[in-house]
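Work through the exercises below with the coordinates open. Each task is followed by a solution in steps.

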Amino acid sequence: MSNKILLECDHLKKYFDTPQGMLHAVDDVSFRLEEGKTLGVVGESGCGKSTLGRTILGLLPSSEGRILFDGEDITHVKKHDMLRLRREMQIIFQDPFSSLDPKMSVYQIIEEPLKIHKIYKSKEERAKRVAELMDIVGLDERYVNTYPHELDGGRRQRIGVARALALNPRFIICDEPVSALDVSIQAQILNLMMDLKEEMGLTYIFITHDLSVVKHISDDILVLYLGKMVEMTDSDRLFENPLHPYTKALLSAIPIPDISYKGKEAEVMTGEVTSPVEPPEGCRFAARCPMAQERCFQVSPEFHEVEEHHFVACHLYSNE
């Protein structure tokens, strides 16, 4: 696979104006994503993962920073250009039921993007493409005229995947696509997505709070905490040598499916979560960090490379 950079975020910020002040949902996020690779984005609920994904796709306007797709600045594109970009960039939503129109059949849902973008001239060509997409994602043709409420969660999510693939995109944001599914169905959808990545050369951002899921699908992993980047490196290294105290706590919380396991106990995070509304200076994890020093509450740590392709924002690894 080439080393071509498909997506780049440069100091991206997304703030929301609230009665209490500005809520810093995404705060100074920068990364590069190579074509054909998968970037996992992890963190607790409310850390800004989904907001980051929606801002990249233009579903939410950014507050500051730039978004480059295939070298083109798409931060503030016009409606006509965004319609063109929709063919290149798609999303798979978390809840496969609420993201599907209950009044539309499986056929109509998958066909809709083809009609909007006028990809095919005739109804017969669209029907052939819908049948092809259903086959790609493992949906039996007998479901073509069924409705979302008649199907289980796994099949609904396959509809969502088929809809995302309809326009032959190059880049897909997967917003917790398996978190609402049973464990056995999760494995099926993950395997499907990994197969599609290889067959179609897709590039993913995989958003999840489940580290055991993200390990198997991601090339690199970005850890977010209250909108801030705290650590980023390749998947294997993050699990073998986590540096940030928050990452260590997340990894220690992964359950081990072995009742005889006598390893280290989970590092339970205590303390109150810092408010993302007008957050104070300093590290946002400091109030919950067992390694926090006085400086952590006063100076925000710089996100920097501490070893080759391993970035962290923590005063424990500061050169100062």
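**Exercise 1.** Determine how strands β10 and β12 run relative to each other and how many bridges join them.

Solution. In this predicted model, take residues 228-234 as β10 and residues 310-313 as β12. The two strands run antiparallel, and 3 bridges join them. For a residue-level check, find Glu231: Val312 in β12 stands opposite.

**Exercise 2.** Place the pair in its sheet, and explain why β6 and β11 each have one side without a neighbour.

Solution. Write out the strand order first: β6-β7-β8-β3-β9-β10-β12-β11. These 8 strands make an open sheet with mixed pairing. β6 (89-92) and β11 (303-307) are at the edges with a single partner strand each, so one side of each has no neighbour in the sheet. From one strand to the next, the twist averages 20 degrees.

**Exercise 3.** Which strands does helix α5 touch, and what does helix α9 lie across?

Solution. Start with α5 (residues 153-165): this helix packs on the sheet and touches β6 and β7 (171-175). The direction of α5 makes about 175 degrees with that of β6. Next take α9 (residues 245-252), which lies across β9 (220-225) and β10. The angle between α9 and β9 is about 105 degrees.

**Exercise 4.** Search the whole structure for cavities of 30 Å³ or more and describe the lining of the largest cavity by class.

Solution. The search returns 1 cavity. The largest cavity holds about 80 Å³ of space. Its lining residues include His244, Cys283, Phe285, Met291, Pro301 and His315. Sorted by class, the lining has 10 nonpolar residues, 2 polar residues and no charged residues.

Notes: Residues numbered from 1 in each chain as written. Predicted model: local features only at pLDDT ≥ 70, side-chain atom pairs only at ≥ 80, totals over all residues. Heavy atoms only, no water. Pairing = 2+ DSSP bridges. Helix = DSSP H or I, 4+ residues; strand = E, 2+ residues; numbered from the N terminus. Axes fitted to C-alpha atoms, helices over the stretch in contact; angles between N-to-C directions. Contact = heavy atoms within 4.5 Å. 1 Å grid on protein atoms, 1.4 Å probe; cavity = no way out; pocket = protein on both sides within 12 Å on 5 of 7 lines; lining within 4 Å. Points joined across faces, edges and corners; volume = space filled by probe spheres on them. Nonpolar A, V, L, I, M, F, W, Y, C, P; charged D, E, K, R; others polar.
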